[in-house]
Amino acid sequence: TRKALDAEARGDYFEAYQLYNEAMNNSDWPDGAPLTCEEDFWEDSYLSSLEMLTEWQDLERMVLQQIDDDTPASLDNIWTDVFYQEHYLPHLLRSKLKLASSGQHDPDFLAFVDSAMKDQQRRTVLESRHSYDLSLLFILQDDFDRARYYVRQCLEAFLEEWSGLSTLMSSGRTNRLQSLQRLVEMQEFLTLVENTRNFDGFAGATQLLWKWSCRLPDSRLDPIHVWDDVVCLRRCRVSALLKQHDQLVHHDA
């Protein structure tokens, strides 16, 4: 555990992933079996390492194995246990949406979210903890009004959390700022598509893309998952821009 934590502190998430995987699969403990809380920590950190390495298929596979022994796994099983909701739901949403944004759509996942949004308790869990994931999902579905609503929620939550961070907590402030770019760019995209007149020509989209080209994560300070967020989301939004433009051209014709 100590070696894995040291690797994470250095930013070597591949070594941390290997060490957590070794610990999880080890059955020989001469000094006695580890505590359940430590085993839970290994699993959480293992999943987080996969996320930091942007290994979305492996992350999805691991989560599905944990929530259901059957194949294919029933996503609704995640609602049967609060532990599942706290430990696996964030990774499930993130991996499924990352794969969907690269063209690997899962109809079962969409049905899972649609069903959850019709249940008040499940909807509250999604809206209170996973507004960003919902905003991305609705952008992928071209439901820009709902996406706009959840982006506003994300920005309000960011400002509230930011106001509570001490100026001495430089690491915490840096981590929070790393999540801001994706929200700002999502808001910029939604502002552009809100007015169809922006698609009378290419000026609006060109200006937006120019701003994005001048705004990149830091090559030394920002980890790979921050770059992955920015690149992935820009790819989605550019595809949505092209689709929106084609629809308006077809309508005018």
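User: What makes the link from the side chain of Ser95 to the backbone oxygen of His91 a polar contact?

Analyst: In this predicted model, the side chain of Ser95 gets to the backbone oxygen of His91 at 2.9 Å. The cut-off is 3.5 Å, so the pair counts as a polar contact.

User: And why is Ser95 called buried?

Analyst: Its relative accessible area is 0%. Buried means under 20%, so Ser95 qualifies. The residue sits in helix H6, which runs over residues 89-101.

User: Which residues touch Ser95, once neighbours within four places in sequence are set aside?

Analyst: Trp56, Leu59 and Glu60. They count because contact means heavy atoms within 4.5 Å.

User: H6 turns up at the largest pocket too, right? What makes up that lining?

Analyst: H6 is among the helices that each supply at least two residues, as are H3 (36-52) and H14 (224-252). H10 gives the most, with five residues. The lining has 28 residues, and Glu51, Arg94, Arg176, Ser179 and Arg182 lie nearest the centre of the pocket. The space comes to about 980 Å³.

User: How do the lining residues of the largest pocket divide by class?

Analyst: Nine are nonpolar, ten polar and nine charged. Arg and Glu count as charged, so Glu51, Arg94, Arg176 and Arg182 fall in that class.

User: What about the second largest pocket: how much space, and which helix gives the largest share of the lining?

Analyst: About 250 Å³, with H2 providing four residues, the largest share. By class, six are nonpolar, two polar and three charged. Trp29 and Trp42 are in that lining, and Trp counts as nonpolar.

Notes:
Residues numbered from 1 in each chain as written. Predicted model: local features only at pLDDT ≥ 70, side-chain atom pairs only at ≥ 80, totals over all residues. Heavy atoms only, no water. Buried < 20%, exposed > 50% of the residue type's maximum accessible area, 1.4 Å probe, protein only. Polar contact = N/O pair within 3.5 Å; in protein donor to acceptor, adjacent residues only side chain to side chain. 1 Å grid on protein atoms, 1.4 Å probe; cavity = no way out; pocket = protein on both sides within 12 Å on 5 of 7 lines; lining within 4 Å. Points joined across faces, edges and corners; volume = space filled by probe spheres on them.
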